[in-house]
Structure formats: C-alpha cells, structure tokens
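Morning, everyone. Please bring up the structure on your screens, and we'll walk through it together.

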Amino acid sequence: MATKEKTLDDLFLETLKDIYHAEKQILRGLTKMAKATKTPELVQAFETHRDETDGQVQRLEQVFEILGKRPQAKPCEAIQGLIAEAAEVMDEFKGTDALDAGLLSAAQAVEHYEISRYGTLKAWAAQLGMKDAVDLFDQTLKEEKKTDQLLNQLAERGLNRKAA
C-alpha cells in the first residue's frame, strides 16, 4: 500500500496544531512568570501579553474553523523546552537581582519562536489562498512583534543593568 504524499496543506495543519498547543502552554507560563517577577513593568507586560494570547488562541480556533476542522493541539516540544528553561531560571535565580533579566530573556525566546511560526503560517496561508487566515495570522504577528519590542525596551531601560 502506497503512503499518501504529504502536501503543504498537511504541513500547514500540523504546524497549526503545534502553535495551538504552544499558545495554551504560553498562557500558563505567562501567569507563572508574572507572579515570579518583581518589576512592575514586566508584570504588566506579561499580564498584557497573557490577555493578548487569549485572543490569539481564539484566532487559531477561527483558522481551524476555516479549514473545517475542530481545534486540536499537538504537543509542541520547542515551547515545552522554552517553558522548562523559564522554570529553571525561576528556580535558580529566585530572590536575586538577575531573576527578572532571566525571565525577560526567556519571554523573548518564546516571542521569537512565535514570530517565526506565525510568519511561516501566514506565508503558507497566502500560498494556499486562505485570505481570512492570512489576516488572522497577520494580527497575531503584529502583536508578537510589538511584545518583543516592549521586552527589548524593558531590558535596555534597566533590567539588564539591574541584574549586573
């Protein structure tokens, strides 16, 4: 029996399931990171992004709907690794001035992963003629880039200096 050749449609769906799982993990991670940090601006950034992530999960559910599929998560090992790293930072640097710089760094690693994934999904959706999905991914991509810029500013304005 010949195996069915995998297509861009298959790759798109698998990646969608992956980022859907990732976003649900990120929601939990952001809550823990907001509780662990002592810097009010960083708490605010984590809480704001957690609220945005709720909307991003809903957008992903809309893309599943466009595909005529029910939302389904596939374990995302990359995000699990990044969240485990953040947990390690929280344990190892608890109570130190370096904690917030470490949390910020962990959050940026997650943002960069998300920016990469959403950029890819947006391009594939365009290739597959899914205009509505392109628009949904574009909204999320803009939010992720904005959060990354905010984290950069927080780092440069003093979190990294405070950690030194």
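At what angle do helix H1 and helix H4 pack, and how far apart are their axes? Helix H1 covers residues 8-36, and helix H4 covers residues 99-127. Their packing angle is about 160°, and their axes are 10 Å apart. That makes H1 roughly antiparallel to H4.

Some terms before we go on. Axes are lines fitted to C-alpha atoms, for helices over the stretch in contact, and angles run from 0 to 180 degrees between N-to-C directions. Angles under 35 degrees count as roughly parallel, over 145 as roughly antiparallel, 65 to 115 as roughly perpendicular, and the rest as oblique. Helices are DSSP runs of H or I with at least four residues, strands are runs of E with at least two, and both are numbered from the N terminus.

Now, the ground rules. This is a predicted model, where local features need pLDDT of at least 70 and side-chain atom pairs count only at pLDDT 80 or more, while totals for chains, interfaces and linings use all residues. Residues are numbered from 1 along each chain as its sequence is written, and side-chain values use heavy atoms, with hydrogens and water left out.

Back to H1 and H4. Their crossing is left-handed. Left-handed means that the near helix is turned anticlockwise from the far one by less than a right angle; clockwise would be right-handed. The contact residues of this pair divide into 18 nonpolar, two polar and four charged. Here Ala, Val, Leu, Ile, Met, Phe, Trp, Tyr, Cys and Pro count as nonpolar, Asp, Glu, Lys and Arg as charged, and the others, Gly among them, as polar.

Let's zoom out. The protein has five helices and zero strands. Along the sequence, the pattern reads α-α-α-α-α. The C-alpha atoms fill a box of roughly 60 × 35 × 20 Å, taken along the principal axes. The accessible surface is about 9,200 Å², and carbon and sulfur atoms hold 50% of that. Those areas come from the Shrake-Rupley method with a 1.4 Å probe; for residues, only the protein chains shown count as cover.

How much of the protein is buried? Of the 164 residues, 45% are. Buried means under 20% relative accessible area, exposed means over 50%, and partly exposed is in between, with a 1.4 Å probe and protein chains only.

Next, contacts, meaning heavy atoms within 4.5 Å. Take the contacts between residues at least 6 apart in sequence: 80% of them join residues at least 24 apart.

Now the next partner of H1. Helix H2 spans residues 40-66. H1 and H2 pack at about 155°, with axes 9 Å apart. That makes H1 roughly antiparallel to H2. H1 passes H2 in a left-handed crossing. The residues in this contact are 16 nonpolar, four polar and seven charged.

Then comes helix H3, residues 77-92. Is H1 roughly parallel or roughly antiparallel to H3? The axes come within 10 Å and cross at roughly 10°. That makes H1 roughly parallel to H3. On the H1 side, the contact includes His 21, Ala 22 and Gln 25. On the H3 side, Ile 79, Gln 80 and Ile 83 are among them. The split is eight nonpolar, three polar and one charged.

Three residues to finish. Lys 17 lies in H1. Lys 17 counts as buried because its relative accessibility is 13%. Leaving aside neighbours within four places in sequence, Lys 17 contacts Phe 64, Gln 72, Ala 73 and Lys 74.

Lys 32 is found in H1 too. Is Lys 32 buried or exposed? Lys 32 is exposed, at 55% relative accessible area. From Lys 32 to Phe 46 is 14 residues along the chain and 9.4 Å between C-alpha atoms.

Last, Phe 46, in helix H2. Phe 46 is buried, at 2% relative accessible area. Not counting residues up to four places away, Phe 46 touches seven side partners by name: Leu 30, Met 33, Ala 34, Thr 37, Leu 103, Ala 107 and Leu 151.
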